[in-house]
Amino acid sequence: MGSTASTLSKIPDVETLMQETGFTPAHMVRLYDRFKALDKERKGHLCPQDFGAIKELAENPIGDRIVGAFFSQGQETLDFHSFVRILAHFRPVDKDRPRDPNVPEPINSRSNKLKFAFQLYDQDKDGKISRAELLQVLRAMLEMQVTEEQLESIADRTIQEADLDRDEAISFDEFRKSLEKVNIDHKMSIRFLR
């Protein structure tokens, strides 16, 4: 591994990317090295299959949904800049960073973290989480720990509690409201350098 400056010089528009994502030069070097390690064939981009090398994703019951969230609909590859922007959702919020109203909301804001989490459920991308979509996630996460009847009861209760407009689905706004008291920053943050 080369020096930080040497590695950063290989990344086009690295300053803009750091400003956009909030990652430090040390983070960028680590993420660049991780990207290169996943890109075993040196293609300069990642495919969904490249993420299979990440043990935590391979073992995660919704790992395929998480990997899918890295790729826009119809997109089959992911370049380094897109890789970093997605991972920025998991960067802890910088509470000391002043909020400039002329600058877009940070990628790692509470709202953007919730939008990312919402898309893990909303697989058909219609802007709503249906009972069937919720059941798919619950089945994957809980597997053999509960019966199908219990899963259906959990899904029904969740829809009933979150569905404020009674359309039998959960919109993003309803999803956001149902998670108002949840510390989403804690639940959706990865410490990138320890």
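**A walk through the model, from the EF-hand spans to the core**

Let me start with residues 109-144, where the chain is 67% helix and 8% strand, and where the end C-alpha atoms are 35 Å apart. I should say at once that what we are looking at is a predicted model. The reason for picking out that span is a record: an unreviewed UniProt entry carries the annotation "domain: EF-hand", and this annotation covers residues 109-144 and 150-185. For residues 150-185, the helix content is 61% and the strand content 8%, with the end C-alpha atoms 29 Å apart.

Now to the interior. The largest nonpolar core has 52 residues, and the members that touch the most others are Met 28, Phe 51, Phe 70, Phe 80, Phe 83, Val 84 and Phe 175. Several helices give two or more residues to this core, among them H2 (14-21), H3 (25-38), H6 (80-87) and H10 (172-178), and the largest share, six residues, comes from H3. Because domain 1 (12-89) and domain 2 (108-193) both give residues to the core, it lies between them.

Let me take one of those core members, Val 84, and leave aside its neighbours within four places in sequence: Val 84 is then in contact with Leu 17, Thr 21, Phe 23, Met 28 and Leu 31.

Finally, what about His 81, which has its place in helix H6: is this residue buried or exposed? With a relative accessible area of 15%, which is under the 20% cut-off, His 81 counts as buried. Setting aside its neighbours within four places in sequence once more, His 81 is in contact with Ile 11, Pro 12, Asp 13 and Leu 17.

Notes. Residues numbered from 1 in each chain as written. Predicted model: local features only at pLDDT ≥ 70, side-chain atom pairs only at ≥ 80, totals over all residues. Heavy atoms only, no water. Core = buried A, V, L, I, M, F, W, Y, C linked by side-chain atoms within 4.5 Å. Buried < 20%, exposed > 50% of the residue type's maximum accessible area, 1.4 Å probe, protein only. Helix = DSSP H or I, 4+ residues; strand = E, 2+ residues; numbered from the N terminus. Domains from an automatic or database assignment. Contact = heavy atoms within 4.5 Å. UniProt positions renumbered as here; feature names shortened; annotations may be inferred.
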